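Work through the exercises below with the model open beside you, and attempt each task before reading its solution.

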Amino acid sequence: TSPSMGGATFTAAYRQAPAVAAESMTDFAIAISPEAVDGLTVGAAMSNNTIATSVDSDENTMYATYATGGFTLGVQASDLDHTTANSDQESIAYGITYAVNDDFSIGYHNHTYEPDSGTSATGKGTSDQESEGISASYTMGGMTIAGAMNETDNSRGVASNDFESYEFNLSFAF
């Protein structure tokens, strides 16, 4: 990992395959928080993995976050290309939070996961998984109460494999 240069940080990793296996990896990432735009961070990463002889995967992701006033916005897009048939994946997610005041925050998020056009026999479905949710938290002194409501349609790409979840927390800091 490099030191920050004008708000940019570069990261790289490499692992050579041992003589008895075909596994290796090469990763690169960059994150930029430009000094001219307070609150903005953008980044990208890519990875090439050799998993076995003639089996490779290439992964790429890009993201951006921006915080201004009480708002924080974020978006991320990812892609996985795999040499195994019906194993490619794409994903896009975004979210927004708003700090109403120092004690109360609310947020909304959305995520779409697109599996490759495999069949259910491969363990993957053909429908896009859609997830969304809202959350809120309130802090008073050392006590926080928080909650979230989430919904996922076509979980793991299987049509009508839908779920709803609710979470409520009460925590104390001593």
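**Exercise 1: the nonpolar patch**

Val37, Tyr66, Phe71, Leu73, Ile96, Tyr98, Val100 and Ile106 make a nonpolar surface patch of about 590 Å². The model is predicted, so that local features need pLDDT of at least 70 and side-chain atom pairs pLDDT 80 or more, while totals for chains, interfaces and linings use all residues. Residues are numbered from 1 along each chain as its sequence is written, and side-chain values use heavy atoms, with hydrogens and water left out.

Task: find which strands each supply at least two residues of the nonpolar patch, and where Val100 is found.

Solution. Begin with the patch criterion, which takes residues with over 30% relative accessible area and no salt bridge (a side-chain nitrogen of Lys or Arg within 4 Å of a carboxyl oxygen of Asp or Glu), and joins nonpolar side chains within 5 Å and like charges within 9 Å. Accessible areas come from the Shrake-Rupley method with a 1.4 Å probe. Strands are DSSP runs of E with at least two residues, and β5 and β6 (89-99) each supply at least two patch residues. Val100 lies in the loop between β6 and β7 (104-115), and at 38% relative accessibility Val100 is partly exposed (between 20% and 50%).

**Exercise 2: the hairpin**

Task: determine how many bridges pair β4 with β5, and which residue is the bridge partner of Thr61.

Solution. Strand β4 (residues 55-68) and strand β5 (residues 71-82) pair in the antiparallel sense over 12 bridges, where pairing requires at least two. Thr61 has Ser78 in β5 as its bridge partner. The hairpin has 2 residues between the strands, and Gly69 takes a positive phi near 55° there.

How values were computed:
Helix = DSSP H or I, 4+ residues; strand = E, 2+ residues; numbered from the N terminus. Buried < 20%, exposed > 50% of the residue type's maximum accessible area, 1.4 Å probe, protein only.
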